[in-house]
Amino acid sequence: EARRQSLLKTSSLSGRTKLLHQTGLSLYSTSHGFYEEEVKKKLQQFPGGSIDLQKEDSGIGILTLNNPSKMNAFSGVMMLQLLEKVIELENWTEGKGLIVRGAKNTFSSGSDLNAVKSLGTPEDGMAVCMFMQNTLTRFMRLPLISVALVQGWALGGGAEFTTACDFRLMTPESKIRFVHKEMGIIPSWGGTTRLVEIIGSRQALKVLSGALKLDSKYALHIGMVEEVLQSSDETKSLEEAQEWLKQFIQGPPEVIRALKKSVCSGRELYLEEALQNERDLLGTVWGGPANLEAIAKKGKFNK
């Protein structure tokens, strides 16, 4: 045990690796001209709706964007609440999976235009951009396997949020649309960067510059979503999404979480850093209870 500890201590982690795996670290700080407290005060002025989180004993969390009178558009207060829920999820050590959905049969129509109108200057826009990029990057790095359940519309910032999840599922009639170009802007919650990762630069350019309406068939065709669910009913589709997610989160939390972390570092870090990180994560599970139990029970897998 002492040797394992010293091994874990001596692993020379670079700055980038540390940034990736210390929870609670953000992308932007005052050195980038980002003043979090000032942004929070501004966002606080735009109330409406809420972000609700339900943590199930199964290790699946359900995060609901809840502002149905505005198609679950994000008010300023909801942006603040999203950060609070991400922090709560960073501290949920029993968690393994997460489903993101919108209330009342639709996902989200992006930003509440009341807030957008009042935050008219480029400085305001960039401040909110940095706030939401911070939050959604922390969301994406959560050691939980996440899936967006898209019912109805995912528009603008709503479409961007789906890209921060590991996977996307759609119901038959749902649509995803990056409508930014028609608003005279570009995605700024990290949506472009993540979309390129998901569908490649050529398809991303088409989807964004055409402000294309992605129905479930087309989204499946370009690899934007994993599957189209059978039901469009709110309760049934949530059950289907949970069933779908269960196949990936079977097993002890520490194993699932280590897997997600190592995939994150594989995506975000240079090869050598990612390999070292994979080694360090292995140190947290090798010879652990799940590993020892599996060896005692099964020996080798012959199937």
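**Exercise 1. Find which lysine lies over the face of Trp-153, and at what distance from the ring centre.**

Solution. In this predicted model, the residue to look for is Lys-175, which lies over the face of Trp-153 at 5.9 Å from the ring centre. To see that this position qualifies, recall that NZ of a lysine has to be within 6 Å of the ring centre and within 35 degrees of the ring normal.

**Exercise 2. Describe the surroundings of Ser-174, beginning with its place in the chain and ending with its contacts.**

Solution. Begin with the place: Ser-174 belongs to the loop between strand S6 (167-170) and strand S7 (175-177). Next, consider accessibility, where Ser-174 has a relative value of 0% and therefore counts as buried, since the limit for that word is under 20%. Then turn to the polar atoms of the side chain: one lies 2.8 Å from the backbone oxygen of Thr-171, and the side chain also reaches the backbone oxygen of Val-150 at 3.2 Å. Finally, once the neighbours within four places in sequence are set aside, Ser-174 is in contact with Val-150, Gln-151 and Gly-152, and also with Leu-214, Asp-215 and Ser-216.

**Exercise 3. Work out how strands S1 and S2 are joined, and which residue of their hairpin takes a positive phi.**

Solution. Strand S1 (residues 50-55) and strand S2 run antiparallel, and 6 bridges join them. As one point of reference in this pairing, Ser-50 stands opposite Asn-66 in S2. The hairpin of S1 and S2 has 4 residues between the strands, and it is here that Gly-59 takes a positive phi near 90 degrees.

**Exercise 4. Locate Asn-72 and Ala-211, and decide whether each is buried or exposed.**

Solution. Take Asn-72 first: this residue is found in the loop between strand S2 (60-66) and helix H4 (76-90), and its phi is near 55 degrees, a positive value in a residue other than glycine. Asn-72 has a relative accessible area of 0%, so it is buried. Ala-211 lies in the loop between helix H9 (201-209) and strand S8 (213-215), and although Ala-211 is not a glycine, it has a positive phi of about 40 degrees. With a relative accessibility of 3%, Ala-211 also counts as buried.

**Exercise 5. State how many aromatic pairs there are, and classify the pair of Phe-74 and Trp-189 and that of Phe-167 and Trp-244.**

Solution. The count comes to 7 aromatic pairs. For Phe-74 and Trp-189, the ring centres are 5.4 Å apart and the planes stand at 80 degrees, so the pair is edge-to-face, because planes over 60 degrees apart are given that name. Phe-74 lies in the loop between S2 and H4, whereas Trp-189 lies in the loop between S7 and helix H8 (191-199), so the pair ties together parts that are 115 residues apart in sequence. Phe-74 is buried at 0% relative accessibility, and Trp-189 is buried with a relative accessible area of 4%.

For Phe-167 and Trp-244, the ring centres are 5.2 Å apart and the planes are at 75 degrees, so this pair is edge-to-face as well. Phe-167 lies in strand S6 and Trp-244 in helix H11 (residues 234-246), so parts 77 residues apart in sequence are tied together. Here Phe-167 is partly exposed, with a relative accessible area of 22%, whereas Trp-244 is buried at 8%.

As a last step, note that Phe-74 and Trp-189 form one aromatic cluster with Phe-107, Phe-139 and Phe-161.

Technical notes
Residues are numbered from 1 along each chain as its sequence is written. This is a predicted model: local features need pLDDT of at least 70, side-chain atom pairs count only at pLDDT 80 or more; totals for chains, interfaces and linings use all residues. Side-chain values use heavy atoms; hydrogens and water are left out. Helices (H or I, at least four residues) and strands (E, at least two) are DSSP runs, numbered from the N terminus. Buried means under 20% relative accessible area, exposed over 50%, partly exposed in between (1.4 Å probe, protein chains only). A polar contact is a pair of N or O atoms within 3.5 Å; within protein, one must be able to donate a hydrogen and the other to accept it, and residues adjacent in sequence count only if both atoms are side-chain atoms. Contact means heavy atoms within 4.5 Å. Two strands pair if DSSP finds at least two bridges between them. Rings of Phe, Tyr and Trp (its six-membered ring) pair if their centres lie within 6.5 Å; planes under 30 degrees apart count as stacked, over 60 as edge-to-face and the rest as tilted.
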